[in-house]
Protein chains: 2
Amino acid sequence: MASPEDIAKAFQVHYYQTFDQNRAALQPLYQDNAILSFEGQKFQGHAAIIGKLTSLPFQKVQHHISSTDAQPSLSNGLIVFVTGQLLIEGETNPLKFSQVFHLAAAGGSFIITNDIFRLNYA
Amino acid sequence: MASPEDIAKAFQVHYYQTFDQNRAALQPLYQDNAILSFEGQKFQGHAAIIGKLTSLPFQKVQHHISSTDAQPSLSNGLIVFVTGQLLIEGETNPLKFSQVFHLAAAGGSFIITNDIFRLNYA
């Protein structure tokens, strides 16, 4: 059986590759009632979440991951905690970010129920 | 009923005040089988967690909180995500950190089941 770290790593690679290539394609990764907190703003439901993510004011973005932590949660889910850097088109300096996901087991795979994103300002 | 944000704020104030004053007193805040990931190292059980926290090589520390996010989780718990700065004795520059807690409801209060801590290096 895959370890929490293995699952978290596979999730993280898939999530950020999809984010950087086509944010709209992230929708099936979110549960219908998932919650996103993005820089303190809350969005509930995968449509609202994708609406927010696709309206972010940049076309090109690259995530560079510094750390990925994973722990099992009480609901047989997985808490995934990522830190890294965002490189946005036109910006010379990468922005540091940290992000936590709570994943629920769903038919042999995992789906996002909670997503909290913060930039770590200097 | 208190909102997730109200609970998270009260928890956060209590947690970091206790951390900064007397780390050993954090033990009752952790569930018996809680997990801590500290800069990638894992500790399971509240005794192991307090062993790690009390052995950190500084006597005086101050947490300054920049943001606190909160979301309900599937298990009727609460995910609390904190970013801020650590001021450690003898250091001239604060260190940025981010930390996620998963709290479980426990007899009218909340107890930590998951704790993941990362410094955000420059």
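Contact is taken here to mean heavy atoms within 4.5 Å. In the predicted model, among contacts in chain A between residues at least 6 apart in sequence, 44% join residues at least 24 apart.

The secondary structure of chain A consists of two helices and six strands. Read from the N terminus, these elements follow the order α-β-β-α-β-β-β-β.

As to overall dimensions, the C-alpha trace of chain A spans about 40 × 30 × 25 Å along its principal axes. The radius of gyration of chain A is 14 Å, which agrees with the value near 14 Å expected for a compact globule of 122 residues. Of the 122 residues of this chain, 49% count as buried. The accessible surface of chain A amounts to about 5,800 Å², and carbon and sulfur atoms account for 52% of that area. With regard to charge, chain A carries 7 positive and 9 negative side chains; the centres of these two sets are separated by 6 Å.

The arrangement of the two chains was then examined. Chain B is superposed on chain A by a rotation of 180° with 0.0 Å of shift along the axis, at an RMSD of 0.0 Å. This is the relation of a two-fold axis. Within chain B, the C-alpha nearest the axis belongs to Ser75(B) and lies 2.7 Å from it. Of the interface residues of chain B, 97% are also interface residues in chain A, so the copies meet through the same surface.

Key: Residues numbered from 1 in each chain as written. Chains lettered and ligands numbered in written order. Predicted model: local features only at pLDDT ≥ 70, side-chain atom pairs only at ≥ 80, totals over all residues. Heavy atoms only, no water. Least-squares fit on C-alpha atoms with pLDDT ≥ 70 in both. Helix = DSSP H or I, 4+ residues; strand = E, 2+ residues; numbered from the N terminus. Rg over C-alpha atoms; globule rule 2.2 N^0.38 Å. Buried < 20%, exposed > 50% of the residue type's maximum accessible area, 1.4 Å probe, protein only. Areas by Shrake-Rupley, 256 points an atom, 1.4 Å probe, with all protein chains shown as cover. Lys, Arg positive; Asp, Glu negative; His and termini not counted. Charge placed at Lys NZ, Arg CZ, Asp CG, Glu CD.
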